[in-house]
Amino acid sequence: MFHDTITIYRHKVLDGADVYEKQILNGFYWYGKTVQSATDKGVENSAQITVVSSPKMAQSYGDKWTVQVGDIIIKGKGDDIKSLRELSNQHIVDGVEVNVCSSDVDNIVISGK
């Protein structure tokens with residue numbers, strides 16, 4: 001069930017330059033639909049996505065990986081980037097729900113738009 005790979009990008013400014021740190025993670029379930037529309041500002045995603053971690057990934061949250069509101073998430077293995085314009089089908093994380101209590105159904109739920 002948790003067969004999807006995701007990439008999470010976190011933007012930072014170091015010495016005046018934009019830097020995008022990335023985490024490539026396996027063991028997720030991605031659902032939702034992405035609808036793109038052209039606007040005067042470029043292409044916008046207009047759908048909501050939800051990504052659910054496997055129990056194993058949930059138990060390593062905070063130690064081996066993290067995600068926070070404002071991060072960028074894509075489905076699949078992402079490349080190193082210097083600008084968000086290099087990504088297609090990107091989503092901004094707008095919610096992170098941590099459901100970890102050392103059980104077989106632990107999970108992290110990430111929502112994005």
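In this predicted model, the largest nonpolar core holds 15 residues. Ile6, Phe28, Val51, Trp65, Ile73 and Ile110 are the members with the most contacts inside this core. At least two core residues come from each of β1 (4-14), β2 (17-32), β5, α1 (55-59) and β8. Strand β2 gives the largest share, three residues.

Val51 shows how these parts of the chain meet. Leaving aside residues up to four places away in sequence, Val51 is in contact with Ile6, Phe28, Tyr29, Trp30, Ile73, Ile108, Val109 and Ile110. A second core, separate from the largest one, has six residues, among them Ile72, Ile74, Ile81 and Leu87.

Next comes strand β5, which spans residues 49-53 and contains Ile49. Is Ile49 buried or exposed? Ile49 counts as buried because its relative accessibility is 0%, and the cut-off for buried is under 20%. The C-alpha atom of Ile49 lies 17 Å from that of Met1, and the two residues are 48 apart along the chain.

The strand pairings can be followed from β6 to β8. Strand β6, residues 72-75, pairs with strand β7, residues 91-99, in the antiparallel sense, over two bridges. Here Ile72 stands opposite Ile92 of β7; Ile72 is also one of the residues of the second core. Strand β7 pairs in turn with strand β8, residues 107-112, again in the antiparallel sense, over six bridges. In this pairing Gly95 faces Ser111 of β8. In a regular strand, side chains alternate between the two faces of the sheet.

Key:
Residues numbered from 1 in each chain as written. Predicted model: local features only at pLDDT ≥ 70, side-chain atom pairs only at ≥ 80, totals over all residues. Heavy atoms only, no water. Pairing = 2+ DSSP bridges. Helix = DSSP H or I, 4+ residues; strand = E, 2+ residues; numbered from the N terminus. Buried < 20%, exposed > 50% of the residue type's maximum accessible area, 1.4 Å probe, protein only. Core = buried A, V, L, I, M, F, W, Y, C linked by side-chain atoms within 4.5 Å. Contact = heavy atoms within 4.5 Å.
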